[in-house]
Amino acid sequence: GSSTAGSIHAGHDQGTAFLETESRILGDLGLMLATGLPIVAWLVLRRPRFVGLARAAAVALFVSAAGAAGLIVLGGPASGIDLASYLESRIGELTATRLVGGLVAGAIVWWLANRRPRAALPIAGIAGLVGLVLVGLGGHAAGFAEPAPVAAMSVHLAAASVWLSGLLVLAWLALLPEHATEPMSAIVPRFSGVAIVTIGLVGATGIYADWLQTGSLLALETPYQATLALKVTVTASALVIGWLNYRSAGRDRRFGGRVVGEAALAVAIVVVTGFLASGSPPGPAAPIQIARASSTALDAGDAELEISPGRPGPTQFTVVLSTAPADGATVELDLNRLDQPAETRLPLRPSADRLTWMAPGGLLPADSRFDAAAIVRDGAGAEQSRTRFAFALDDETIVSGRAEPPLDPIVLVALALLLAAIAAGGFLLARRALPGSDWRSGRVALLAGGVTSLALGLLVLVGGPRP
């Protein structure tokens, strides 16, 4: 609801909030390692010790199952329902599937680790990827009717999994070099090409999710947005260190310490994400700003109109003035319904600064169209200014009349993904590698990243929702 929008762990006591967060972190971290370790083994290590990696992937799946079990135990009490009712809910079913899948796949991978370790890793990777899709289906992205948010979140988690797993493997080899089958100067360029592609996908999908969930980029108005800003800061710090490691290609003496630090920051990102997953993003409850009608340029008014929650039913209307009117002035909102004869005039109440004026309440019917006007009158009742607006609703939300930013971030993300796909295709056709990266690993990463960027970019552009 709007009362909890933007909060972290709304309605949970500290103990439940802590355990829930820890369960989410364990579940996500386990699935990410199970997904990323097989890819790192094939593209980066080339001649890995498959038994050890297969066992690590099995443990990661067991950890993901433990996290899912924690969420199930906490899910009922946190939602105010019994365990059986929680398991019958959509979220409960998805979490239970993750629990069973993690246990079964983990057992299979562990059994195969000593027998057919090369076969164990693909099973772990598929199980981890399916688990990440289930995370997306049970998260904030699933609140939209369109498929693009869930698809983008799945790509975000999968790409982050490869980046995180690669950093942890490099950090492990830096701390225990006797386990490396090749020098770091040979291993790091292979990871560099993979990292460039995965970081690009993580960045684009992260901006997309940020805009959908908050309606703004890097705002600090709510605890949720502040936590998101912390995640962005930690990510930027990791990328700065990563740039230094990329430039060194594993050849200088400080590489080991830097890659350990970068890996630690990557794990910290997962921790912060655990807090975000339990929070309530403010975007769905944020007011929708209505664009001024084109004829308003002839009027004296320059007010702004906001509608919350922007769907049929009980509605709050807010008018924001550029300058406060004189004492004794009044502001009203004239709503003229266009699809059937009806007119309503709502008197607005001022805030302390007399710039923001709000209606005590209103009702917007489904499938309706309105011509609205924010009217300022002086103390004698004479009209001082009039600002016109026009908007329409279907049975779910406002479908026309929204004030759009000059540059729509969602369109920019879609275009960036499509341009990245074109660039990847150009590199592949020219048989060129990414700068500073291994040719073979880089080409595989470019192919996978290019296809993903093309599909996701088209999906976001033609079928994605708006905040």
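**Entry 1: a hairpin.** I began with strands β9 and β10 (residues 383-393), which run antiparallel and are joined by 10 bridges. I kept in mind throughout that this is a predicted model. The two strands make a hairpin with 5 residues between them, and in the turn I found glycine 381 with a positive phi of about 95°. Looking for a pair of residues across the two strands, I noted that arginine 377 stands opposite glutamate 383 in β10.

**Entry 2: the other side of β9.** I then looked up strand β4 (residues 330-337), which is joined to β9 by 8 bridges, again with the two strands running antiparallel. Here leucine 333 has alanine 374 of β9 opposite. I next asked how many of the residues of β9 are buried. The count is 8 of the 10 residues in the stretch 368-377, so β9 is largely enclosed by the rest of the structure.

**Entry 3: the whole sheet.** Following the pairings outward, I wrote down an open sheet of 5 strands in the order β5-β4-β9-β10-β11, with antiparallel pairing. Its edge strands are β5 (342-347) and β11 (398-400), each of which pairs on one side only. On average, and with direction ignored, neighbouring strands of this sheet are turned by 35° against each other. For the β11 edge I also noted that β10 and β11 pair in the antiparallel sense over 2 bridges, and that alanine 392 has serine 400 in β11 as its bridge partner.

**Entry 4: helix α8.** I turned to helix α8 (residues 223-248), whose 26 residues reach 38 Å from the first C-alpha to the last, close to the 38 Å expected at 1.5 Å a residue. Which residues of α8 are buried? I listed several, among them Tyr224, Leu228, Val234, Ala238, Gly242 and Asn245. What covers the buried residues of this helix includes α6 (148-175), α7 (184-214) and α9 (255-278). Just after α8 I came to alanine 249, which takes a positive phi of about 55°.

**Entry 5: one residue in α7.** I picked out serine 192, which has its place in helix α7, and asked whether this residue is buried or exposed. Serine 192 has a relative accessibility of 6%, and it therefore counts as buried, the cut-off for that being under 20%. Leaving aside residues up to four places away in sequence, serine 192 touches Tyr246, Gly436 and Ser437.

**Entry 6: a pair of helices.** I looked at how helix α10 (residues 409-429) packs with helix α11 (residues 439-463), and recorded an angle of about 150° with the axes 8 Å apart. Angles over 145 degrees count as roughly antiparallel, and α10 and α11 are therefore roughly antiparallel to each other. The crossing in which α10 passes α11 is left-handed. Where the two helices meet, the residues from α10 include Ile410, Leu417, Ala421 and Phe427, while those from α11 include Arg443, Leu447, Gly450 and Leu458.

**Entry 7: the chain overall.** I closed with the chain as a whole, which has 11 helices and 11 strands, and whose C-alpha trace spans about 85 × 55 × 35 Å along its principal axes. Of its 467 residues, 46% count as buried. Among contacts in the chain with a separation of 6 or more, I noted that 72% are between residues 24 or more positions apart.

Note on methods. Residues numbered from 1 in each chain as written. Predicted model: local features only at pLDDT ≥ 70, side-chain atom pairs only at ≥ 80, totals over all residues. Heavy atoms only, no water. Buried < 20%, exposed > 50% of the residue type's maximum accessible area, 1.4 Å probe, protein only. Helix = DSSP H or I, 4+ residues; strand = E, 2+ residues; numbered from the N terminus. Pairing = 2+ DSSP bridges. Expected span 1.5 Å × (residues − 1). Contact = heavy atoms within 4.5 Å. Axes fitted to C-alpha atoms, helices over the stretch in contact; angles between N-to-C directions. Parallel < 35°, antiparallel > 145°, perpendicular 65-115°, else oblique. Left-handed = near helix turned anticlockwise from the far one by under 90°.
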